[in-house]
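User: I'm new to reading protein models and would like a close look at one part of this one. Could you walk me through a sheet, and then show me how it sits within the rest?

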Amino acid sequence: MASVKKKLAEFSLEAHDLYLNQSVPYLDEPPDPLQFYRDWIGPNKPCIIRNAFRHWPALSRWTAQYLREKVGSKVISVAVTPDGYADAVSGDRFVMPEERQMSFSSVLDILEGKVQRSGVFYVQKQSSNLLQELPELTDDLETHVPWMSSALGKFPDAVNFWLGEKNAITSMHKDHYENLYCVISGEKHFILLPPSDRPFIPYGQYQPAVYRQKDDGEFEVVDQSHSDKVPWIPLDPLDPDLDRFPQYRQARPLRCSVKAGEMLFLPSLWFHHVQQSHGCIAVNFWYDMEYDIKYNYFQLLEALCEDEEST
């Protein structure tokens, strides 16, 4: 089995040598669909695109005052956690946030410090929450990215709205989507690792649970006892425990900041960890990936890594 472990490490290092960039490149304008497919989607490489949605009214309109007037009374789903970590490993549990129904204005009150609440609040429901919960805002942007829809020959599966506190953190994970992440205000900070770094990224199986805030303001962890265990990454790339996960030393994470008016292309199956500035607003588009030979190869890599982790 030592030879398998060695070959997995060589596989990752060869990917970095052959085609992966040492930093996330920038494009200065929206790309031609065919060129974008050839240069970025096909090779499964991230990039940041400037000037890709400068025509969206949202860039200038989406102030706190405008959002209060437009959608302030709308009730939306908000994730609430004690420490900002939603959908993350805590001890021996995979803990999900408390999902709270709140008016948009009450979220803004918390973000602006007008109201004090214990816990960290993050509008992060996904499941196309922009279209489902905030359709009034769709006049301020496009509900798909025309050149991306043309490149892939399909429309996005989901259009998501994100708004939260600085302490709201997205733990490291991967998605089966080609992801276009557009920052409207503030900035997002990403740590990215390619699928080929999977041999260095630890996984475990965890009992799922949810946070629940008690009457005294303290949070408790409530097991979802009838649910299957969840595979998740216990490592925190901001402070990796290299004694516990020595293999992560060989990973080569890319770090990038996406500022207002910029769009990150985050390819399918890339591992990512996300932080943000306080009150950052973003919209992202999830286009379903092609379940082709590339996906097939990754499933083989995943299976080999799981075999190594279980030995």
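User: Which residue in E18 is the bridge partner of Thr 170?

Analyst: It's Val 274: that is the residue in E18 that Thr 170 bridges to. Keep in mind that we're looking at a predicted model.

Let's zoom out a little from that pair. Strand E10 covers residues 169-173 and strand E18 covers residues 271-276. The two strands run antiparallel, and two bridges join them.

Now for the sheet around them. E10 and E18 belong to an open sheet of five strands, and if you read across it the order is E4-E10-E18-E12-E16. The pairing in this sheet is mixed. At the edges you'll find strand E4 (85-86) and strand E16 (254-259). Each of these has a single partner strand, so one side of each is left without a neighbour in the sheet.

Edge strand E16 spans residues 254-259, so have a look at Cys 256 while you're there. Cys 256 is buried, with a relative accessible area of 10%. What about a disulfide? The closest cysteine sulfur is in Cys 47, and at 10 Å from the sulfur of Cys 256 it is too far for a bond; a disulfide would need the two sulfurs within 2.5 Å. In fact, the structure holds zero disulfides. Another cysteine, Cys 305, is buried too, with a relative accessible area of 3%.

For a contrast with strands, try helix H4, residues 64-71. Its buried residues are Tyr 66, Leu 67 and Val 71. Looking down the axis of H4, you'd see these buried residues fall within an arc of 95°, so they line one face of the helix. Gln 65 and Glu 69, on the other side of H4, are exposed. And what does the buried face pack against? The buried residues of H4 pack against helix H3 (58-61), helix H5 (104-111) and strand E19 (281-288).

Finally, the whole protein. There are eight helices and 19 strands, and buried residues make up 51% of the 311 residues. For 311 residues, a compact globule would have a radius of gyration near 19 Å, and the protein's 20 Å agrees with that. The C-alpha atoms fill a box of roughly 60 × 50 × 30 Å along the principal axes. If you count contacts with a separation of 6 or more, 83% of them are between residues 24 or more positions apart. As for the outside, the accessible surface comes to about 14600 Å², with 48% of it belonging to carbon and sulfur atoms.

Terms used. Residues are numbered from 1 along each chain as its sequence is written. This is a predicted model: local features need pLDDT of at least 70, side-chain atom pairs count only at pLDDT 80 or more; totals for chains, interfaces and linings use all residues. Side-chain values use heavy atoms; hydrogens and water are left out. Buried means under 20% relative accessible area, exposed over 50%, partly exposed in between (1.4 Å probe, protein chains only). Helices (H or I, at least four residues) and strands (E, at least two) are DSSP runs, numbered from the N terminus. The arc is that of the directions from the helix axis to the C-beta atoms. Contact means heavy atoms within 4.5 Å. Two strands pair if DSSP finds at least two bridges between them. The radius of gyration is taken over C-alpha atoms; the globule rule is 2.2 Å times the number of residues to the power 0.38. Accessible areas come from the Shrake-Rupley method with a 1.4 Å probe; for residues, only the protein chains shown count as cover.
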